[in-house]
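Q: Which labels does this model earn, and on what grounds? Take them one at a time.

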Amino acid sequence: MSGVRGATGAGAAVPAPDGPSERRPILVSADRSRCMAAGHCAVTAPGVFDHAEDGLVVVAGPEQSEEEREVLELAVELCPSRALSLSPGAAPSAQGAAGRP
Ligand code: SF4
């Protein structure tokens, strides 16, 4: 049988925020030691992923908005070496409070 897998594979999903007041960025990371330079990520999300001269992935946009969730999860799902991961960023209120006396 054949079929297209969904964009929300195991380990790819980032928990959705509870509501509009909890708009957290999505942090994108890539493990270059696992990357095999297949290039699917840069094709899927060209503004987020790029390649260095060695052909391995570079995260050009490590902090993405919730609106990019679907394409980010697709890029994670399509990576043949499972080099990509997503995690929730800090809440905006926490970012604003950081470093203040
Ligand atoms: S899809 Fe995965 S293996 Fe291919 S370039 Fe991107 S991170 Fe590397």
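Q: What makes β1 and β5 a pair?
A: Five bridges join strand β1 (residues 26-30) to β5 in the antiparallel sense. Two strands pair if DSSP finds at least two bridges between them, so five bridges qualify. Leu 27 has Ser 87 of β5 as its bridge partner, and Ala 30 has Leu 84 of β5. The model is predicted: local features need pLDDT of at least 70, side-chain atom pairs count only at pLDDT 80 or more, and totals for chains, interfaces and linings use all residues. Residue numbers start from 1 along each chain as its sequence is written.

Q: How do you know that β1 pairs with β4?
A: Two bridges join these antiparallel strands. The rule asks for at least two, so the pair stands. Ile 26 sits opposite Gln 64 in β4.

Q: Why are β4 and β5 called edge strands?
A: The open sheet has three strands in the order β4-β1-β5, with antiparallel pairing. β4 (63-64) and β5 (84-88) each pair on one side only.

Q: How many helices and strands does the chain have, and what makes a run count?
A: There are three helices and five strands. Helices are DSSP runs of H or I with at least four residues, strands are runs of E with at least two, and both are numbered from the N terminus. The pattern along the sequence is β-α-β-β-β-α-β-α.

Q: What makes residues such as Leu 72 and Val 76 in α2 buried?
A: A residue is buried if 20 or more other C-beta atoms lie within 10 Å of its own, exposed if 12 or fewer, and partly exposed in between; C-beta atoms are placed from the backbone. Leu 72, Glu 73, Leu 74, Ala 75, Val 76 and Glu 77 of α2 are buried, so each reaches that count of 20 or more. They pack against β1, α1 (40-44), β2 (49-51), β4 and β5. Of the chain's 101 residues, 22% count as buried.

Q: Why does Ala 37 count as neither buried nor exposed?
A: Ala 37 has 13 C-beta neighbours inside 10 Å, which makes it partly exposed. It lies in the loop between β1 and α1. Its phi is near 60°, positive in a residue other than glycine.

Q: What puts Arg 82 in its exposure class?
A: Arg 82 has 14 other C-beta atoms within 10 Å, so it is partly exposed. It lies in the loop between α2 and β5. Its phi is also positive, about 55°, although it is not a glycine.

Q: Which residues are closest to the ligand, and what makes a residue near?
A: Cys 35, Ala 38, Cys 41, Val 57 and Cys 79 are the closest of 15 surrounding residues. Near means that the C-beta atom, placed from the backbone, lies within 6 Å of the molecule or strand.

Q: How do you know where confidence is lowest among the elements?
A: By pLDDT, the predictor's confidence in each residue, from 0 to 100. Helix α3 (residues 92-97) has the lowest mean, 56, and strand β3 (residues 57-59) the highest, 98. Over residues 96-101 the pLDDT is below 50, with zero contacts beyond near neighbours in sequence. A contact needs C-beta atoms, placed from the backbone, within 7 Å. Where pLDDT is low, the predicted coordinates should not be read in detail.

Methods: Two residues are in contact if their C-beta atoms, placed from the backbone, lie within 7 Å.
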